[in-house]
Structure formats: structure tokens, C-alpha cells
Amino acid sequence: MQIYRVGGSVRDELLGLPVKDRDWVVVGATPEQMSALGYLPVGKDFPVFLHPQTREEYALARTERKTARGYKGFAIHTSPEVTLEEDLARRDLTINSIAIHDHSTPGSGQNKPTNDLVDPYGGQRDLQARVLRHVTDAFREDPVRILRVARFAARFSDFRVAPETLQLMREMVEHGEADHLVAERVWQELARGLMEATPSRLFDVLIECGALKVLLPEVDRLWGVPQRADYHPEIDTGVHLMMVLDMSARLQAPLAVRFACLVHDLGKGTTPADMLPRHIGHEERSVRLLKGVCERLRVPVDCRELAEVVAREHGNIHRSGDFSAAALVRLLERCDALRKPARFGEMLLACECDARGRLGFEQQPYPQRDRLAGALTAAQAVDTADIAQQAMAEGLSGPKVGERIQAARTVAVSAWLASQSPVTDG
């Protein structure tokens with residue numbers, strides 16, 4: 001029995017990056033031997049075991065054979081005769097196909113002894129050259145790898161996709177492999193890609209290989225759609241979208257915010273040609289389109305709900321610097337900010353990403369965020385229970401009570417706005 005550490009932990013350690021999860025491959029063993037040593041079997045599709053102390057995953061070396069289209073169309077073969085090189089050959093990229101004996105620990109940086117590493121497919125070479133390259137032609141058998149390459153491009157933004165790998169991905173898309181991706185895996189990889197350091201690179205790669213048109217046609221059609229240059233010096237809606245996503249990463253936004261950024265302008269892709277470069281009513285069209293995306297990809301509820309309110313109200317948030325107290329209260333109510341203040345905070349962050357994701361606006365402040373947060377705090381301070389009790393004592397009910405509460409919130413917000421105005425002499 002030989003045990004090797006493999007995959008991302010070896011890659012990241014060779015790059016001098018923090019190591020999070022460690023994966024192990026066991027060569028020359030049977031499931032019975034693993035169980036006898038105290039390892040806990042957990043694998044459904046192939047033999048995977050949890051270490052009795054560390055709880056890390058140990059998988060028996062295996063090979064895979066394509067039997068049908070899609071992610072699950074594989075026959076798995078494990079036996080003590082499967083070699084480490086055969087196991088590494090089924091992996092997606094050369095940088096993920098490096099192994100090391102469990103007793104060895106690579107140092108940090110690139111200047112380390114590598115005699116303990118097993119690297120039959122040139123992973124170290126590609127790490128140094130900053131290249132994402134497929135291991136073997138078996139890459140084409142799993143369409144999820146298209147998304148994984150795009151995600152790695154977003155994580156390692158200084159890496160380029162090897163031309164032959166990009167061509168292979170194009171062929172996979174042309175042959176319909178991307179059509180067979182299951183919704184859960186698309187969302188999983190998309191969500192992870194959005195959370196990388198440069199999420200725009202994910203979409204760059206998906207566009208280059210043609211997969212974005214298959215997986216997210218609502219997003220793909222935004223490229224080439226013009227916007228008003230006075231508002232958007234970058235003009236192209238797709239370019240703007242990528243700037244917004246990278247701003248969301250720069251501001252360390254959570255996933256729900258980044259997804260809201262991704263889909264907030266979908267309606268601009270369906271603006272009638274005779275209306276361009278204006279996009280009147282794009283907010284409502286965006287809401288309709290993003291609902292279709294969310295249903296198709298089975299997007300989690302928190303991401304879906306935030307995306308919908310951002311798409312619908314982001315224009316009003318941007319314009320809110322000129323709103324009166326009454327208009328601000330109505331906006332807060334439409335956004336359900338008083339019941340869901342944390343979500344409203346995320347909404348404001350998404351709008352800041354949108355405003356600063358424009359050419360020349362990257363360093364500009366976004367005062368709307370603080371103004372609306374302050375207005376919400378003022379509105380929250382209103383004792384609605386007391387007002388409702390007084391209104392009902394006067395014989396009011398239903399909408400009339402709501403109007404009384406809204407009026408009190410408007411007074412509170414108005415007073416807060418007055419307190420923020422600079423004092424002038426004379």
C-alpha cells in the first residue's frame with residue numbers, strides 16, 4: 001500500500017499559497033484492507049474513506065471509462081493494480097495531477113527539492129509557465145471540466161488557458177457536451193467562480209469556448225449592447241458587467257451580492273434596437289429574465305431574492321440622493337428594508353459595485369449607501385406599536401394604520417436628513 005497526497009493541496013503548496021483541504025490517493029489496497037485499518041467508507045460511486053483520526057478523505061486509485069453523455073456517464077474501476085500514474089491521468093489539469101508521498105512536505109515558493117514529487121504530466125512546468133492545460137484527451141469526457149477550467153482562470157488570473165485546451169473545450173461545446181450539464185453542477189461551479197479573486201475571467205473563458213451562450217444565454221447576449229456614454233464610458237454592457245463583478249470581488253462581497261451583480265442588467269440584452277443606447281424599462285425585463293435563470297439553475301432562495309430586488313430597484317437606489325424623505329421611506333418599504341435590514345445592506349453593496357463598475361468611476365465614493373443606511377436607521381427608530389395602538393384607539397384600521405406609521409417614519413427620516421445638512425452662516 002502506498003499513500004500519496006494529490007490535487008489542489010499539492011498545487012497550492014507549490015505555489016506558496018495556503019493549503020485548505022487535503023486529498024489522498026491510496027495505491028495497492030482493497031476496500032477490505034482500508035476498513036481493517038479503521039478507515040470509514042463513505043463513497044457512493046467509488047471507494048472513498050475517512051481517516052480514523054484526521055477525517056480527511058482517502059480514495060482508492062481508480063480509472064474511469066466514458067459510458068454515456070453528461071457528468072455521471074462513467075464506469076469506475078478500482079483495484080490494487082491501478083497505478084498512481086493511471087489515477088493521475090483521469091484528472092482535469094496538469095497542475096492538479098501532481099502527487100507527493102504522505103511523508104513529504106513541499107516547502108514554500110518555487111525553489112524547493114522536487115525529488116519526492118510524482119509529476120508524470122508536466123504539472124510543475126505548467127505551474128511555472130502559468131498555464132492551464134488538460135492532462136489527456138479524456139478531458140473531453142466530462143463537461144464539468146469546462147466550468148472548472150473557467151473557475152481556475154478566475155482564481156489564478158495570471159494563468160492562461162493553453163490553446164489546445166481551449167480548442168478541446170470548443171469542440172466539447174460544439175458536440176453538445178455542455179447541453180448535458182446538470183443544473184446543480186453548473187450552479188456549484190458558477191458560485192465558486194463568482195467567489196474567486198477575478199470573476200470576470202470565468203466569463204472570459206466561457207465566452208472564448210462558446211459555453212456561455214449555452215449555459216447563460218441571458219448573460220452572453222449583453223456583449224455588444226451599447227449604453228449611454230455619459231453614464232457608461234465603457235459603453236459595452238458586457239464590459240460593464242465584468243467591471244461590476246470584479247468590483248464585487250474587490251469589495252469582498254458575499255455570494256448573494258455577486259450573483260445579484262451578475263444578473264442585475266439582463267434586461268439590457270433585450271432592449272429594442274431602435275431604443276438604444278437608452279434602456280428604458282430594463283429593470284422589469286431583468287427581473288423576468290433572472291427568474292428564468294434562477295429556476296433553470298436552481299439558485300438558492302437567498303441569492304434569488306436579493307437578485308430580484310436589486311434588479312428591480314438599483315436605478316432608484318442610484319437616484320436616491322435627490323429623494324425626499326417621503327420618497328426614501330417608500331423606497332425602503334419597496335425593498336422590505338425594515339423587515340430585512342441585513343438584506344438591504346447587501347442590496348446597497350450590490351448597487352455600489354454597479355456604480356463603481358464603470359470606466360473612470362472605480363475610485364468614486366457612493367454616498368447613496370450611507371444616506372440610505374442612515375434613513376433606514378431613522379425609520380427603524382419609530383415606535384410603530386405605539387403609533388398603531390393610538391391609531392386604532394382613534395378608530396382607524398388596516399391601510400389607515402399603515403399610512404399613519406408611514407407618515408411617522410417620514411417625519412423621522414426628514415429630521416435625520418435635516419441633521420445631516422451642513423450648517424451655513426447668515
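Here are some notes on helices, one loop residue and salt bridges in this predicted model.

1. Ground rules. Residues are numbered from 1 along each chain as its sequence is written, and side-chain values use heavy atoms, with hydrogens and water left out. Because the model is predicted, local features need pLDDT of at least 70 and side-chain atom pairs count only at pLDDT 80 or more, while totals for chains, interfaces and linings use all residues.

2. Start with helix α7, residues 183-194. Helices here are DSSP runs of H or I with at least four residues, strands are runs of E with at least two, and both are numbered from the N terminus. The expected span of a helix is 1.5 Å times one less than its number of residues. For the 12 residues of α7 that gives 16 Å, and the end C-alpha atoms are indeed 16 Å apart, so the two agree.

3. α7 is mostly covered, with nine of its 12 residues buried. Buried means under 20% relative accessible area, exposed means over 50%, and partly exposed is in between (1.4 Å probe, protein chains only). Among the buried residues of α7 are W187, L190 and L194, and R185 and E189 are on that list too.

4. Just past α7, have a look at T198, which sits in the loop between α7 and α8 (200-209). Its relative accessible area is 19%, so T198 counts as buried. Leaving aside residues up to four places away in sequence, T198 touches A154, S157 and D246; contact here means heavy atoms within 4.5 Å.

5. Next, a helix pair. Two packed helices are described by the angle between their axes and the distance between the axes. For α15 (residues 325-334) and α17 (residues 367-380), the axes come within 10 Å and cross at roughly 85°. Axes are lines fitted to C-alpha atoms, for helices over the stretch in contact, with angles running from 0 to 180 degrees between N-to-C directions. Under 35 degrees counts as roughly parallel, over 145 as roughly antiparallel, 65 to 115 as roughly perpendicular and the rest as oblique; α15 and α17 are therefore roughly perpendicular to each other.

6. Who meets whom in that pair? From α15 come L328, L331 and L332, and they meet R371, L372, A375, L376 and A379 of α17. By class, this contact has seven nonpolar, no polar and one charged residues. (Nonpolar covers Ala, Val, Leu, Ile, Met, Phe, Trp, Tyr, Cys and Pro; charged covers Asp, Glu, Lys and Arg; the others, Gly among them, are polar.)

7. On to salt bridges, of which the structure holds 29. The criterion is a side-chain nitrogen of Lys or Arg within 4 Å of a carboxyl oxygen of Asp or Glu. R5 pairs with E13, the closest N and O atoms being 3.1 Å apart. R5 is buried at 4% relative accessible area, and E13 is buried at 15%.

8. R140 and D137 also form a salt bridge, with their closest N and O atoms 3.1 Å apart. Here R140 is partly exposed at 26%, and D137 is partly exposed at 46%.

9. The side chains of R228 and D230 meet in a salt bridge at 2.7 Å, N to O. R228 counts as partly exposed at 32%, whereas D230 counts as exposed at 51%. Elsewhere, salt bridges that share partners join R125, D126, R133 and E164 into one network.

10. Within that network, R125 lies in helix α4 (residues 123-129) and is partly exposed at 47% relative accessibility.
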